[in-house]
Amino acid sequence: MTTIRREVLTLPAAPLGPDNPLPPLRPLDEAHRIDDRDRAGLPRDMARQVDYAPLRSLLPVQVRDGYDRERAPREVDALVIENDRLRATVLPGLGGRIASLHHKPTDRELLYVNPVLQPANFALNGAWFSGGIEWNIGATGHTTLSCSPVHAARVPAPDGRGHRPSGGGGEMLRLWEWERLRDLPFQVDLWLPDGSDFLYVGVRVRNPHERPVPTYWWSNIAVPEDRRVLAPADEAWHFGYERRLRRVPVPTYDGVDRTYPLNSTYAADYFYEVPDDRRRWIAALDADGHGLVQTSTDLLRGRKLFVWGTGPGGRRWQEWLTEPGTGGYCEIQAGLVRTQLEHVRLDAESEVSWLEAYGPLDTAPDGDWHTVLRRAEDRLEAALPRADVDAAYEAWRPHADTEPGERLATGSGWGALEVLRAGWKLPGTPFDEDTLGEEQKPWLHLLRAGSLPEPEHHEPPGGTLVARPWRDMLETTAATPLAEYHLGVAQWHGDDRAQAVRSWERGLTSAADRWPLLRCLAVADQQDGHPERAADRYLEAFDDLCARRADAAADGDSTWAAVTAAVGRESIGALLAVGRTADARTVWERLDPGTRARGRFRLTEAELLAAEGRTGDARAVFDEGFEVADLREGADSIGLLWARLDDAPLPARYDFRMWPDEE
């Protein structure tokens, strides 16, 4: 019989640190955008979905950039679901990630298991880590829930064919949360029928709103990269960091068999064009023919291979995400549409659901492509018939609304706040009022009392809710400086920029704490092409922040340190952009020594020194060594600065480039 138990893992981990306290007002920095030259040749449905509601802003979510690279042993809560064949280890505090899937009879790990927990800047909101199976909901990119807790509980389970297990008592592990970018609740149900070699995963995404909402889902599965990846396709859409989308043949493209991840030099996505009548599946097999297969009901149509490549940038990223000497990984993935560049419409008051299955597959991977695929499909059909997957889905659907039993983990309070606001009934995924926390407290006060409470001791204003109902409440509450600040952020998110600026300017007239409003106005100036005025406002904001921090006597407070670092970093960038190096230097010198020692700020120091004409000193920063913990995927800021300082090749430790030089 399947069991679910708590467990504690101990592994080297870098702390997440505090979130960035500044609202992310700038356009989303997302690498996965298509070059306009490639749009003309897209299939009609694909072109429509590529253009449908791409995410423009990270709001209301805040950026997670407070982590570093100093790892120490840390206890991580886990939930283990197992039967006599499989053992799945789930991390409810880290997005519900399946960290391990172990096949007991063969004593084989089916996934790539990262031996460390090292955040890196790959999620839409920053912190993300590699390994296991992650559930990506929201918009193109890694989910904002990558390093956030989700709710978890025991739920009665069906068996694979729709019957109760003999004797009753079978259990599922349910994970659920509220996805804030699109304001959608979702659930992931995991169960193991008795004697099954396959983990079943039922997924449901609901739209409780009275309007259509764009949605997105990809299940990302990390596996060792010394594999051959099989999927039932003869073509794929190739997407690289040069942002070109091309239809290419499978398995051989440009004279190289790309189904072997180590045959690619540069990082790339291969979105497989699976014919409509073919079973949906993807597998990764080692040289002996052992590995993992993922299959699903037909609704989850997309399949993808991501490779890091063997070039210096790809190798550097692999090292960056784990321990030196650890084997590399690739990802096999499954999604709602052909590519991760698309979003789909979820109609008002509707839902979408499907079933996935994960388990071992043994079949020879080498040889003629169609022969290999036919043989693999025969083995998959013998191990888990396609009809059984459909039957398991039908068996699960009545259980999706079952109310959870024993709670095993607690997620955020954002779902509870939204349910209180709208009065929604969401069977199977309760967002209970007792999950409301400090982050929701001011918004609960706005909902119930019609006003926002003023923060104590000059505390930073916290995150803003930007959905239309919350914006309407902000527009009717008393026009305090704090309310004008939050209203401006909501208006900015709604692309009502002129009104946002007016709200922030009104707030300034009576604000005791001016820096939050000045920083917002500085960003608006930058976006509107007024860099000098932006620099002035940043400098004024930083001066005000330093005065308020001193008044609050909070020098040791990590929140104030995070605020000062965030505003200081943006201020230096804005001042350097208009050639005001002396002002940038004054901001730098007022930052905490601990902040200046962080890798991101060592890079800022080198940029400042270069701007001052002190090339040798800037070059010395590189010689001393630094690590930018939150270096963005695809970023080339380090390489560009190096090119200004030295004609020599970029040192390997700083080489994160993921595309050919000629691109």
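**Exercise 1.** Identify the salt-bridge network that contains Arg338, and examine its pair with glutamate 273.

*Solution.*
Step 1. In this predicted model, salt bridges link Asp45, Glu235, Arg247, Glu273, Arg301 and Arg338 into a network.
Step 2. Within the pair of arginine 338 and glutamate 273, the closest N and O atoms are 2.8 Å apart.
Step 3. Arginine 338 sits in the loop between strand 24 (329–335) and strand 25 (344–346), and glutamate 273 in the loop between strand 20 (268–272) and strand 21 (281–285), so the salt bridge ties together parts 65 residues apart in sequence.
Step 4. Buried means under 20% relative accessible area. Arginine 338, at 12%, is therefore buried, and glutamate 273, at 16%, is buried too.
Step 5. For the whole structure, the search gives 65 salt bridges.

**Exercise 2.** Describe two salt bridges that involve helix 11, and classify the exposure of each partner.

*Solution.*
Step 1. Glutamate 505 pairs with arginine 537, with 3.8 Å between the closest N and O atoms.
Step 2. Glutamate 505 belongs to helix 9 (residues 497–508) and arginine 537 to helix 11 (residues 531–551), 32 residues apart, and the pair links distant parts of the chain.
Step 3. Glutamate 505 has a relative accessible area of 36% and is partly exposed; arginine 537, at 17%, is buried.
Step 4. Aspartate 536 and arginine 580 form a salt bridge with an N to O distance of 2.7 Å.
Step 5. Aspartate 536 is in helix 11, while arginine 580 is in the loop between helix 12 (558–577) and helix 13 (581–589), 44 residues apart.
Step 6. Aspartate 536 is partly exposed at 41% relative accessibility, and arginine 580 is buried at 19%.

**Exercise 3.** Place strand 11 relative to strand 10 and strand 12, and state whether its residues are buried or exposed.

*Solution.*
Step 1. Strand 11 (residues 184–191) runs antiparallel to strand 10 (residues 171–179), joined by seven bridges. One of the partnerships is arginine 174 with aspartate 189 of strand 11.
Step 2. Four residues lie between these strands in the hairpin, where aspartate 183 takes a positive phi near 60°.
Step 3. Strand 12 (residues 199–207) is also antiparallel to strand 11, through six bridges. Phenylalanine 186 has valine 205 in strand 12 as its bridge partner.
Step 4. In a regular strand, side chains alternate between the two faces of the sheet. In strand 11, Leu184, Phe186, Val188 and Leu190 point one way, and Pro185, Gln187, Asp189 and Trp191 point the other way.
Step 5. Eight of the eight residues of strand 11 are buried.

Key: Residues numbered from 1 in each chain as written. Predicted model: local features only at pLDDT ≥ 70, side-chain atom pairs only at ≥ 80, totals over all residues. Heavy atoms only, no water. Buried < 20%, exposed > 50% of the residue type's maximum accessible area, 1.4 Å probe, protein only. Pairing = 2+ DSSP bridges. Salt bridge = Lys/Arg side-chain N within 4 Å of Asp/Glu carboxyl O.
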